[in-house]
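Visitor: I am new to this structure and would like a close look at a single part of it, the surroundings of the ligand. Please take me through that part slowly, and then show me how the rest of the chain is arranged around it.

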Amino acid sequence: MDTVLKIENLTKQYGRITAVRNLSLEVHRGNVFGILGPNGSGKTTTLGILLDVIKKTSGSFSWFGQPPTKEMRKKIGAILETPIFYPYLSAVKNLEIVAEIKGAPVDRIEPVLKKVELYERRHDKFRTYSLGMKQRLSIASALLCDPEVMILDEPTNGLDPQGIAEIRELIKQIAREGKTIILASHLLDEVQKVCTHFCVLKRGSLLYSGSVEEVNKGVESVEVIADASDMEMVLQGYPMAAKVVEEDGKYIVTLENGARAADLNAYLFSKGITISHLLTQRKSLEKQFLELLAESDNA
Ligand SMILES: Nc1ncnc2c1ncn2[C@@H]1O[C@H](COP(=O)(O)OP(=O)(O)OP(=O)(O)O)[C@@H](O)[C@H]1O
């Protein structure tokens, strides 16, 4: 698997505030990688460091297996905030200026405007655009240099439901064309709908990193009752049990990813325990995310 980005022990301190704490991550080619976290968790700071607009305090990162350089930076298209376009100029004129600044070929303007579905409105003034159209023009501007990686910070912030759906569809389409996308979002739903992989940050620390598909399957938890005095000990000894909690004579067993209730049943049977009640529950990504954030508060 091609590693596009590798972050190792990255830390950023603003005086006494640690915005990013010992962060290590890997993003592979073709991933749509979501950096998920509540406000102030360090998402923008992380993206700023990766784009060389914020200076790291310690740690390192590499793009395409090499330390970051200006040349490398050209392979990365980014939208950290809405770029400043001239309100009285059209999309075409604005992109001509961007192309000039970035040294991108002018003949890319037409295809990128088609891609973001602004071609019909290409001669209209920027100030007549809706917020969603402005955001799509930002994406067009980032695509001008045909980057291998796109970085987006809260790409749907402030948009109405239709604008949100359009931007999400556009991100997925860009990913289908083989680009790697890294996006920061505080919206779990967004990460779930758009990303293939994600990490969770809280107060600058990494709480989780993995594939959306794996987490979407949901962790299985099983409620079991059996008349056995050594039940708790036997359950604690089950290698696929991530957590065992006793509640009013019932045991709630959270299974490791991939383990199923039937496996637990077979294990208990092998230990001579016959169960009188078994109920399987799946935890949604949302529940797991909220628990993860809550657990880190208690840590
Ligand atoms: N220039 C700065 N000077 C001092 N503190 C800063 C600065 N920029 C960010 N911070 C602090 O660093 C922490 C992380 O902020 P950051 O903007 O990276 O988080 P975020 O996850 O992107 O949040 P948001 O979605 O609200 O932008 C916060 O506590 C923030 O107040």
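Guide: What follows begins with the whole chain, turns to the ligand and the sheet beside it, and then moves on to the other parts.

Please keep in mind throughout that this is a predicted model. The chain has 299 residues, of which 32% count as buried, and it holds 11 helices and 13 strands. Along its principal axes, the C-alpha trace spans about 80 × 40 × 35 Å. The domain assignment gives domain 1, covering residues 3–215, and domain 2, covering residues 219–283, and the centres of domain 1 and domain 2, taken over C-alpha atoms, are separated by 43 Å. Among contacts between residues at least 6 apart in sequence, 70% join residues that are at least 24 apart.

Now to the part you asked about. The residues that surround the ligand are Tyr-14, Ile-17 and Ala-19, then Gly-37, followed by Asn-39, Gly-40, Ser-41, Gly-42, Lys-43, Thr-44 and Thr-45, and finally His-186. Two elements, strand S2 (17–28) and helix H1 (43–50), are the ones that give two or more residues to this shell, and H1 gives the most, with 3 residues. Sorted by class, the shell around the ligand is made up of 8 polar, 3 nonpolar and 1 charged residues.

To place S2 and H1 in their setting, it helps to look at the sheet beside them. This is an open sheet of 3 strands, with the order S2-S1-S4 and antiparallel pairing. Its edge strands are S2 and strand S4 (58–63), each of which pairs on one side only, and the twist from one strand to the next averages 15°. Strand S1, residues 3–14, pairs with S2 in the antiparallel sense over 8 bridges, and within this pairing Tyr-14 stands opposite Ile-17 in S2. Helix H1 packs on the sheet, where H1 touches S1, S2 and S4, and the direction of H1 makes about 65° with that of S2. Both Tyr-14 and Ile-17 are also among the residues around the ligand, so a look at this pair of strands leads back to the shell, as does a look at H1, which gives 3 residues to the shell.

One further residue of strand S2 deserves a pause, namely Asn-22. The phi angle of Asn-22 is near 50°, which is a positive value in a residue other than glycine. Asn-22 counts as partly exposed because 14 C-beta neighbours lie inside 10 Å.

Further along the chain, Asp-160 lies in the loop between strand S6 (149–153) and helix H6 (161–176). Asp-160 is exposed, because 12 other C-beta atoms lie within 10 Å and a residue with 12 or fewer counts as exposed. Although Asp-160 and Gly-132 are 28 residues apart in sequence, they lie 7.9 Å apart in space, taken from C-alpha to C-alpha.

The other sheet to consider is an open one of 4 strands, in the order S11-S12-S10-S13, and its pairing is antiparallel. S11 and strand S13 (275–283) stand at the edges with a single partner strand each, so one side of each is left without a neighbour in the sheet. Neighbouring strands of this sheet are turned against each other by 20° on average, with direction ignored. Helix H10, residues 261–270, lies across S12, S13 and strand S10 (219–226), and H10 runs at about 150° to S13.

Within this sheet, strand S11 (residues 241–247) and strand S12 (residues 250–255) run antiparallel and are joined by 6 bridges, with Tyr-251 in S12 as the bridge partner of Glu-246. The hairpin of S11 and S12 has 2 residues between the strands, and Asp-248 there takes a positive phi near 50°. Asp-248, in the loop between S11 and S12, counts as exposed because it has 5 C-beta neighbours inside 10 Å.

Technical notes
Residues numbered from 1 in each chain as written. Predicted model: local features only at pLDDT ≥ 70, side-chain atom pairs only at ≥ 80, totals over all residues. Near = placed C-beta within 6 Å. Nonpolar A, V, L, I, M, F, W, Y, C, P; charged D, E, K, R; others polar. Pairing = 2+ DSSP bridges. Axes fitted to C-alpha atoms, helices over the stretch in contact; angles between N-to-C directions. Contact = placed C-beta atoms within 7 Å. Domains from an automatic or database assignment. Buried ≥ 20, exposed ≤ 12 C-beta atoms within 10 Å, placed from the backbone.
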